[in-house]
Amino acid sequence: MNTKLDNCLFRFRPLDKTEEEDNRIITNLEREREYFSTPIHFNDPFDTLLYVDKNRLLGKIKQELDKGLDDLTNGIDDFVLRKLMEFENDERNPNKNINRMLYYGNIIQSIPKVRAEFQKNIKEICFSSNIMSVLMWAHYANDHKGFCIAYDINKLKERQCFDHKGNSIEYKLRLKQVKYTNLRVDMTEYMYEYLPKYAFDVPTDVTKFMMEPPQKYLEELILTKADIWKYEEEWRLYSISETLLKPSIISYIQQKPKAIIVGTKTSLENIKKLKIIADKKKIDILKMEASDENIFKLNITKINDYEKNRK
């Protein structure tokens, strides 16, 4: 790989899709902006989708109900909870089992709401450490017709953050590698900590009562993907808002690229546009090409003469 791309992370961008989308992507490059996305819009349905063992969860709750609701609802002053406690403690009540089934059903129905809240409020920017991947260019740069932005990994850690109005904000971000495994992150214990207290047969939004998950679990959730995604060699710059239970105000970061790399099928028109931007920013513009060797391999060649002119 080109030595100037050492210690870089890469952001693949598509072109030749729609004029509106192409203009937006080019404009963001000119402005040196990378926008955050939420996992609910990602191409992996399991991305940041917390796993809950429903049988284990209900089993633990059943044990608590069998003991009595005093521990489970300790400190909660609510008419419905008091009524349910009275109901559970009254052995003469013929509908006791029916009431429990409704309660269990509410818990199960609450799980998708909590999952959606997580996927909606976590914000991330995805990078790759592998610019030589044919699959990455195919999947994220519109079949090699787009381009890739190289960022110095150390500069990314010092980036500026902005809200949607363009105001500079101080925000805690983390930049870490994704881990690949066949096992999802188990959040059953986290769900057990609060769901049983609020999943009663009343019109309520259980997400109002969510408590913050431990950072260890949350980071695992953000940084864990299935083995089949290994080829991406992904890194994530992610925001954990002051409270995960409402959207973060962060919108984008601003960071000057180290280089622009065009794909093997990027049109001449788009190469010209990208070259103008690279020249203005005094950064390299490179091109991916299919190797002439008898192997499936991409090579990188230089297509601007900025370095030569500067000397």
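**A tour of the salt bridges**

Begin by selecting Lys297 and Glu293, whose side chains meet in a salt bridge with an N to O distance of 3.4 Å; the model on screen is a predicted one. Colour the pair by accessibility, and both partners fall in the intermediate class: Lys297 is partly exposed at 37% relative accessibility, and Glu293 is likewise partly exposed, with a relative accessible area of 45%.

Keep that pair displayed and add Asp47, Glu124, Lys225, Glu232, Glu234 and Arg236, which salt bridges with shared partners join into one network. Within this selection, zoom in on Glu234 and Arg236, where the side chains form a salt bridge at 2.7 Å, N to O. Are these two residues buried or exposed? Glu234 counts as buried because its relative accessibility, 5%, falls under the 20% cut-off, and Arg236 is also buried, with a relative accessible area of 0%.

Next, move to helix 9, which spans residues 268-281, and select Glu269 and Lys273, which both lie in this helix, four residues apart, or about one turn. Their side chains meet in a salt bridge too, here with an N to O distance of 3.8 Å. The accessibility classes of the two partners can be read off in turn: Glu269 is exposed, with a relative accessible area of 54%, whereas Lys273, at 35%, counts as partly exposed.

To finish, zoom out to the whole model and display every such contact; how many salt bridges does the structure hold? The total is 18, including the Lys297 and Glu293 pair from which this tour set out.

How values were computed: Residues numbered from 1 in each chain as written. Predicted model: local features only at pLDDT ≥ 70, side-chain atom pairs only at ≥ 80, totals over all residues. Heavy atoms only, no water. Salt bridge = Lys/Arg side-chain N within 4 Å of Asp/Glu carboxyl O. Buried < 20%, exposed > 50% of the residue type's maximum accessible area, 1.4 Å probe, protein only. Helix = DSSP H or I, 4+ residues; strand = E, 2+ residues; numbered from the N terminus.
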